[in-house]
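Work through the exercises below with the structure open. Each task is followed by a solution in steps.

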Amino acid sequence: MAGNGGFQASGGYNDRPPSSTGSGEPDVGVDPASSSFFNNEFKRHEDLKMMLDSNKDSQKLDAMKRIVGMVAKGKDASDLFPAVVKNVVCKNLEVKKLVYVYLTRYAEEQQDLALLSISTFQRALKDPNQLIRASALRVLSSIRVQMIAPIMMLSIKEAVMDMSPYVRKTAAHAIPKVYSIDPEQKDQLVEVIEKLLADKTTLVAGSAIQAFEEVCPERSDLIHKNYRKLCNLLVDVEEWGQVVIINMLTRYVRSQFINPNADNVGDEVDKPFYESEKDSNDDDDDDDDDKEEAKAKTKPKQYVMDSDHRLILRQCKPLLNSRNAAVVMAVAQLYHHCAPKSEVSTVARSLIRLLRSHSEVQYVVLSNIATMSLKQKGMFEPFLKSFYVRSNDATHIKLLKLEILTSLATETNIATILRELQTYVTSSDKEFAAATIQAIGRCASNISEVTDTCLNGLVLLMSNRDESVVAESVVVIKKLLQMQSSTHKDIIIHMARMVDNITVPMARASILWLIGEYSERVPKIAPDVLRKMAKTFIQEEDIVKLQILNLGAKLMITNSKQTKLLCQYVFNLAKYDQNYDIRDRSRFLRALVLPTGEKGQLAKHAKKIFLSTKPAPVLESKFKDRDQYQLGTLSHIINMGATGYQQLPEWPEVAPDPSVRNVEVVMPWSEKTPLTKKQKQKPEKSFYSSTESSSPEDSSDDEDSDDESEDEETDSDDEKSEDSEEDSESSDDTDIEKYKPKKEEKVEKKKEVVVAESESEEDSSEEEDSSDDESSTESEVEVKKKKSPVKKPPAKKAPKKPSQDLDLLLDFGDDVPSGGPVGGAGGGPTIGAGDLLTPLSALNIDNTSSATNTASASSQMFAPVQVQSKSRELLNKMAGDGLSVTYKFTRTISIFSPKMVSIELSFTNGSDKTLSGIKIGQKKIQSGMEIHDFPEIAALAPKNSTTVLMAINFNDTTQPAGFEICTEEKKFNVSISAPVGELLQPYNIHEKEFIKEQGKLSGMNENTAKVKIEEDKTDMKSVVTAVYRVANVVQVPSSEDGTYRFAAQTMASNIPVLTTVSVKDDGTGKLTVNCEKMVIGTMLMKDVKGSLES
Amino acid sequence: MIGGLFIYNHKGEVLISRVYRDDIGRNAVDAFRVNVIHARQQVRSPVTNIARTSFFHIKRSNIWLAAVTKQNVNAAMVFEFLHKMTDVMAAYFGKVTEENIKNNFVLIYEILDEILDFGYPQNTDTGILKTFITQQGVKTQSKEETSQITSQVTGQIGWRREGIKYRRNELFLDVLESVNLLMSPQGQVLSAHVAGRIIMKSYLSGMPECKFGINDKVLMESKGGKSGQDDGRGTSSSGKTSIAIDDCQFHQCVKLSKFETEHSISFIPPDGEFELMRYRTTKDISLPFRIIPLVREVGRQKMEVKVVVKSNFKPSLLAQKVEVRIPTPLNTSGVQVICMKGKAKYKASENAIVWKIKRMGGMKECQLSAEIELLNTNDKRKWTRPPISMNFEV
């Protein structure tokens, strides 16, 4: 089957240690047990099996350690497979991990046995511990057996909806694994990736992009919606993820925005100048092309950078301070490829810093700088001295530094560089010294002012003691002389004299070539040189022989009288040379220069053929052709396309529609209407795009909703049939179930957009924090709106409801992030950490295990989705001089500290001038409390509003936390006090544990009250909603009808708070709150009671 | 996307191999050994491309670490990862040696499992890894502990666990700086920069958030490039020069976005010792010392070295624990040292003369002269004269 070599552990190699050294074998020989090796081995395995079967964790662990040790040493432990697999169910985390290590090693070899273990993994996938779930998924996906690809697929789909971001991250990693063993799953995988991309947790982002890059890098349409989110999250993503995301975004930016350097010339420049500028501009070709195209279409207009393009550049900048060199490099290449020329230089400093890290990193960075410096000299010029070579640098580092120094040379700094180069020439490192001389040559050819100085310097070097230096300088001088039109007779004479001493063939050849080429300038010397050469012809190297022949032929043409005999002699010698190339050459030259019969047509033109002016060689950087590769990639380093290299796309001439990136910013709902379960949406007033940009969105959404309404109808049909089937569902149906929620959710979301927009039309000045009654009218509107396009008979609603709940349960993992504060809107780091502790882990697992389970669970529970605390006023518009502030509790875990209550503040500027510098001033809080400031709002334009996140640690009291909100001009004293229900966080617990805990908290710690609930509100949904309205708790799945249990713990001290509501049909009920802190218990009871009875 | 990871000893024997991807065959291990470790000439480029398979290697003492890939990876990332990998190993079992690697096979397997998933580098923070990869016996973790680990592995603040308590809340800051300079043979300073590191030792309870303010031009004494943050004396004489930090980098706990906007370093520190920040300055560096070496090669078997150290700082200051390390050629057979001040000794194991001076005032001068006897060697290569280094405290 497919997996040939996925996870071969070291065993294979240690089995057969390299024969060259053979030190592995003695190991076995020396083994005291070797005489009775097999016997012993057998016994030991028995003993291991016994240990594995024991019920003590410590023994199991010991056994597993020994087994893994065997694996590592390359001994075969495969006969223990069944015994080990049994221990997958072991509770001990440590044992489990070792079992996994074992499995990854042997599963491939024993596929049939491995298949046996798969059910164990499936069970482990439902373990309450997220670490176990994750590692089960990891191991499962590492088993490279194509047969189980569908199972992996299912597990991935489940894991993607897991509420632990860690598991979701692992799921993202599993995607490329599945793709590599079964590429036919691509479509399904893309679907999963799409879901993962929408994830708002920083932990997941990097891995999701990795999967995206591996499976479907061409689907940039998946990125559109997530682009801004990714940019905003970037700073908080873990470092390895950052690298991947930046690389992907570089490609994205290149395909979606227009070239910022396309018309960098400015607007007032008239055409001729533009043209000349263009010529002199040493942009690469595509830039020029772009310019031409731009010019063809319109007059050069001022380039305005897309705000999204700007966003990525801005968000990446802080990452330059990262301690991870790879991140810095990634940002540098992003700037190099995507930023306007003027801004690229910001990365220079950080790159220079990387030069101080490990030599390998240095190597990578230097080769990138070498390429960058070719394109933009100015960027690294201030840091010229950082590239000075140190005596203890490795040779390859030295060469790179030299390369950069040469590229950086300009008229102004050439003097310093040359002085530096002079020192290098004396280096004891031959290769480096030679490279230095070439570098001098390059400087000389690039900068005409110093050509003569360089030439003189090189001539001096020719008298150097070191032969290789001399040889190299001869070669370079040859090149330089060829470039120069002026005569350098003295140099040529000098070189001609050196023929006697120089032994390096390349240098000799160069001299001979020079003399031949310029023989007219040294008419007396040239024949003499030929004479000397003729004498030593036989001993010369091939390359020199060829040049002697050349010289002879050329002299024959210019000075046949003196050299004819010599020439003939040389040709004759060459005729019998061992090298066929030389024989051929001599034959060819003889026919041309010394024709035997009448002169042929070619021989007449011999002079033109031999002594035409040759084009001068161009001395250029070795890195010239490297810029075709994306910086920082392996392909760039090795200067050849590695597998999977993707060319950076050229900039498009016209930017693709920017509106595709617009995302409806989902604001937390101000009030939930139980019937429709709608989330209210903030009108298209996103953080980045101007308000007008929503117009194209409108139309498209309208269309969408039309389409979707049809979908919906079919969906509901499905549901009906499903409802009837619910009891006798086959396993296939689980699949359907899992797909459908997603679809339906989409439908709902789209419609919400419509609703939201219609609202904004009705009341444009309305803010999202509207008061209760307002929203209730809105909800009516919503209902109407929703009904009208769908044309669903109201009767249909009733049977539909349960299944809708069910959907939500299934989709919970997805819903929560969208319910949380949307970081994009706040501009601050986005938090999805909420999911971490979001309730229902136990339940969700039940759900996914089987559909019937789901159904029963849903009858017991009501998903605690979108119950949003209402927003409260913090600062009145009147009191705040136009600035009004409202706050609400987001009920997510604060990013700042888990002890803090996360609070979302929305600022609205009701005045007609811009308010700037809004921040928190002095704090007046009791000891033990803490306030985490929101990031300062730089400016708030009139009639605009913005939301920020802050967090307060109330230390489990309802005492108000007072602080000042400062604007540039004024300060306002405000205070926030949290109702007791907000000081809690959901706490996952099983029913049994709940009852056990409750038993501990009796007596003083128990508060009970009778409640009278209106009769129409005794159903589960209303009760649960009522509780959720006032307290951030989570429902515990209950086995008793009419009894609802809720668990939570306090934020600061993690004390459990248990709430029980039991309701009879007639509306009388009993409310019990158990909590160690009596104050919290009583207050919570009061609140819940109020809410239930309202 | 690293395809596989191999660890070799200096002989080229594979100590650990882990292949993550199908495209890397078993022969890759041998290919690297033959072409790099046993290569005839020294392979200098850390990236080797053999038959479209690329090997990234680093060498730590006698151990080779090689990452193999066929894909187009981010080169810097691979090297960064390899270095992190050695750091992690070093944190677990001390020096990365063949012996240690062999003894910690299981552990390395586990680490590799955790930090490299299908070739994607993962969380490489030793602090976190240590919480759940343990080798010491059976630790049955209580439920809270497990949940703590989980929240650490998966949470936002990975580097600190909750519920740390100290009776005394202390915080230590060490500033370590090194002056790097490049001089021409004529004694002219070509370039100099100061690279500083701020090491923090935090023993704080709970989840404290620390904040440092920085103004745009960090005010630091330009005196000799020493930290001098708490040394007020030099200010009056040297004039209040402010030094702009050229560039800096931070530990991952520092909120980079805050640094960008507010110019403040705010962070929740990990527990214990860590490197908070590194920085570099290049401007206004006046050198604290000047070392003038004179080397005279007397014949093939003898060499005379004379080193003069001059202190350039104010006479009122004292440099302590000055240590000058003068490298000697590899074929040194004996050294005779005479110095006016301090103690000097030839350490054959380090191939250097170590000269220690307990304290040295400003504007002083010390001299050391040594005669080095050399063995005859066939090696024609000239001695490269590696740089002299020195350490001191102020």
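**Exercise 1. Nonpolar patch**

Task: Which residues make the nonpolar surface patch of about 200 Å² in this predicted model?

Solution:
- The nonpolar patch consists of B:Leu181, B:Met183 and B:Val189.
- To place one of them, go to strand 8 of chain B, residues 170-183, where B:Leu181 is found.
- Patch members need over 30% relative accessible area. B:Leu181 has 32% relative accessibility and therefore counts as partly exposed.

**Exercise 2. Positive patch**

Task: Find the residues that form the positive surface patch, and state which strand of chain B gives the most to the positive patch.

Solution:
- The positive patch is formed by four lysines and one arginine named here in sequence order: B:Lys343, B:Lys345, B:Lys356, B:Lys358 and B:Arg359.
- Two strands of chain B, strand 18 (343-347) and strand 19 (352-361), each supply at least two residues of this patch.
- Strand 19 gives the most, with three residues.
- B:Lys345 belongs to strand 18 of chain B. Its relative accessibility is 57%, so B:Lys345 counts as exposed.

**Exercise 3. Negative patch**

Task: Which residues form the negative surface patch, and where does A:Asp1019 lie?

Solution:
- The negative patch is formed by A:Glu1014, A:Glu1015, A:Asp1016, A:Asp1019, A:Asp1065 and A:Asp1066.
- A:Asp1019 lies in a loop of chain A, between strand 11 (1006-1012) and helix 48 (1020-1030).
- With 37% relative accessibility, A:Asp1019 counts as partly exposed.

**Exercise 4. Salt bridges**

Task: How many salt bridges are found over all chains, and which parts of chain A does the pair A:Glu218 and A:Lys186 link?

Solution:
- Side chains of opposite charge can pair when their charged atoms come close.
- A search of the whole structure gives 29 salt bridges over all chains.
- One of them joins the side chains of A:Glu218 and A:Lys186, at 3.1 Å from N to O.
- This pair links distant parts of the chain, 32 residues apart: A:Glu218 is in the loop between helix 12 (202-215) and helix 13 (221-224), and A:Lys186 is in helix 11 (residues 186-197).
- A:Lys186 is partly exposed, at 24% relative accessibility.

Task: Which residue forms a salt bridge with A:Arg310, and in which helices of chain A are the two partners?

Solution:
- The partner of A:Arg310 is A:Glu343, and their closest N and O atoms are 2.8 Å apart.
- A:Arg310 sits in helix 18 (residues 307-316) and A:Glu343 in helix 20 (residues 341-344), 33 residues apart.
- A:Arg310 has a relative accessible area of 30%, so A:Arg310 is partly exposed.

Task: Are the salt-bridge partners A:Glu540 and A:Arg508 buried or exposed?

Solution:
- The side chains of A:Glu540 and A:Arg508 meet at 2.9 Å, N to O.
- A:Glu540 is in the loop between helix 31 (525-536) and helix 32 (542-558) of chain A, while A:Arg508 is in helix 30 (residues 505-517), so the pair ties together parts that are 32 residues apart in sequence.
- Buried means under 20% relative accessible area. A:Glu540, at 12%, counts as buried, and A:Arg508, at 11%, counts as buried too.
- Elsewhere, A:Glu239, A:Arg323 and B:Lys84 are joined into one network by salt bridges that share partners.

**Exercise 5. Cysteines**

Task: How many disulfides does the structure hold, and how far from A:Cys454 is the nearest cysteine sulfur?

Solution:
- The count over all chains is zero.
- A disulfide needs two cysteine sulfur atoms within 2.5 Å. For A:Cys454, the nearest cysteine sulfur is that of A:Cys443, 6.3 Å away, and A:Cys454 is in no disulfide.
- A:Cys454 is buried, with a relative accessible area of 2%.
- A:Cys1075 is buried, at 0%.
- A:Cys90 is found in the loop between helix 5 (81-86) and helix 6 (93-106) of chain A, and counts as buried at 5% relative accessibility.

**Exercise 6. Positive phi**

Task: Where are B:Phe118 and B:Lys321 placed in chain B?

Solution:
- B:Phe118 is not a glycine, yet has a positive phi of about 55°.
- Its place is the loop between strand 6 (116-117) and strand 7 (120-121) of chain B, and B:Phe118 counts as buried at 2% relative accessibility.
- B:Lys321, a residue other than glycine, has a positive phi near 50°.
- B:Lys321 is in strand 16 (residues 318-327) of chain B, and counts as exposed at 58% relative accessibility.

Note on methods. Residues are numbered from 1 along each chain as its sequence is written. Chains are lettered from A and ligands numbered from 1 in the order in which they are written. This is a predicted model: local features need pLDDT of at least 70, side-chain atom pairs count only at pLDDT 80 or more; totals for chains, interfaces and linings use all residues. Side-chain values use heavy atoms; hydrogens and water are left out. Patches are made of residues with over 30% relative accessible area and no salt bridge: like charges are joined within 9 Å, nonpolar side chains (Val, Leu, Ile, Met, Phe, Trp, Tyr) within 5 Å. Accessible areas come from the Shrake-Rupley method with a 1.4 Å probe; for residues, only the protein chains shown count as cover. Lys and Arg count as positive and Asp and Glu as negative; His and the chain ends are not counted. The place of a charge is taken as NZ of Lys, CZ of Arg, CG of Asp or CD of Glu. Helices (H or I, at least four residues) and strands (E, at least two) are DSSP runs, numbered from the N terminus. Buried means under 20% relative accessible area, exposed over 50%, partly exposed in between (1.4 Å probe, protein chains only).
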